[in-house]
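Please walk me through this structure, stop by stop. I have it open in a viewer and want to know what to select next.

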Amino acid sequence: MTALAPAVWGSTYLVTTELLPPGRPLLAGVIRALPAGLALVAVTRRLPRGSWWWRALVLGALNIGAFFALIFVAAYRLPGGVAATLGALQPLLAAVLAAGLLGQRLTTRTVITGAAGVAGVSLLVLRADARLDALGLAAALGSAVVMATGVVLSKRWASPAPLLATTGWQLVAGGLLLLPVALFVEGPPPASLTGENLAGYAYLAVVGAGLAYPLWFRGIRALPPTDVTFLGLLSPVVATALGWLALGQDLTPAQSLGGLVVLASLVVAQIRRRPRAEAAPLPVRDDAAAVSSTR
């Protein structure tokens, strides 16, 4: 179920390029987060209490607001392949943070599968002529750091409220933090929107946020944070597959190999080693029982 969230997010590229007005990624982020968050808060009728006022603000900034803003900078200053490759560092970053904040053991298998995931994504989306930009690289790396931190802190700070209420708090907090940035950078929303624009925004709000984020945060509650971030590698795989199927984009053998490497790494990362069962102690019988058993 958790894997459905990054799979849905992988369709964002197709929706953005085909349905949304160009040059408005921050507006798309606000519309994606804020209406869905307000709807979830209205449905659950639960507001944060005590320390969860500032915790919801911090998690909303990490998982939604700061992440969207940094992705916006990276997307504008870097080719998509470079940004996606740096984003694939999330599982490794989450594993390091989980070891420090949650006391989870950093295993060799996690490091190897994490490195394989980065290599697979680079084969899938990275181009040899990709240009590099220092600010764009810092933003892309920063987006991976804030997302990994948000996942680990979401695991550390177990919310006492229902899942939908906690999801709504974070979406509202992230959307409100992103709103002034969008107005400052992009200006007011377009004066007129087409039917395709409205359909695209509705998809991002209802499916990309209202459905996907509860599944994502539910997975954070149920799974180790490193496992959750490995599932995030599905986004570039789905985006590439949709580009091939819906837009007729070429799919090279190297990209196919990269997709297989990504899928193999996230599957191997989910395998849990079962503890060996201890041998059951032999029953102790008294002398009378021993004698009677020989009759």
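The tour goes from aromatic rings to helix packing, in a model that is predicted.

**Stop 1: two tryptophans**

Select W52 and W169. Their rings form an aromatic pair, with centres 6.2 Å apart and planes at 50 degrees. That angle is neither under 30 nor over 60 degrees, so the pair counts as tilted.

Now colour the helices that carry them. W52 belongs to helix α4, residues 52–77. W169 belongs to helix α9, residues 163–186. The two rings are 117 residues apart in sequence, so their pairing ties together distant parts of the chain.

Are these two residues buried or exposed? W52 has a relative accessible area of 6%, and W169 has 7%. Both are under 20%, so both count as buried.

Keep W52 on screen and add R55. The charged end of R55 sits over the W52 ring, 5.8 Å from the ring centre.

**Stop 2: more rings**

Select F67 and F68. Here the ring centres are 6.1 Å apart and the planes meet at 45 degrees, so this pair is tilted. F67 and F68 are both buried.

Next, select W9, Y213, W216 and F217. Ring pairs join these four into a cluster. In total, the model has six aromatic pairs. Leave W216 and F217 highlighted for the next stop.

**Stop 3: α8 against α10**

Show helix α8, residues 134–156, and helix α10, residues 195–222. Their axes lie 9 Å apart, at an angle of about 60 degrees. An angle between 35 and 65 degrees counts as oblique, so α8 and α10 are oblique to each other. Their crossing is right-handed.

Which residues make the contact? From α8, select V151, S154 and K155. From α10, select W216, F217, I220, R221 and A222. W216 and F217 thus appear both in the ring cluster and in this helix contact.

**Stop 4: α6 against α8**

Keep α8 and add helix α6, residues 90–101. The axes of α6 and α8 come within 9 Å and cross at roughly 40 degrees. That angle makes α6 oblique to α8. This crossing, too, is right-handed.

For the contact, select Q90, L93, A94, L97, A98 and L101 in α6. Across from them, in α8, select A144, V145, M147, A148, T149, V152, L153 and R156.

Finally, show α6, α8 and α10 together. Helix α8 packs with α10, and its axis also crosses that of α6.

Conventions:
Residues are numbered from 1 along each chain as its sequence is written. This is a predicted model: local features need pLDDT of at least 70, side-chain atom pairs count only at pLDDT 80 or more; totals for chains, interfaces and linings use all residues. Side-chain values use heavy atoms; hydrogens and water are left out. Rings of Phe, Tyr and Trp (its six-membered ring) pair if their centres lie within 6.5 Å; planes under 30 degrees apart count as stacked, over 60 as edge-to-face and the rest as tilted. Helices (H or I, at least four residues) and strands (E, at least two) are DSSP runs, numbered from the N terminus. Buried means under 20% relative accessible area, exposed over 50%, partly exposed in between (1.4 Å probe, protein chains only). A charge sits over a ring if NZ of Lys or CZ of Arg is within 6 Å of the ring centre and within 35 degrees of the ring normal. Axes are lines fitted to C-alpha atoms, for helices over the stretch in contact, and angles run from 0 to 180 degrees between N-to-C directions. Angles under 35 degrees count as roughly parallel, over 145 as roughly antiparallel, 65 to 115 as roughly perpendicular and the rest as oblique. A crossing is left-handed if the near helix is turned anticlockwise from the far one by less than a right angle, and right-handed if clockwise. Contact means heavy atoms within 4.5 Å.
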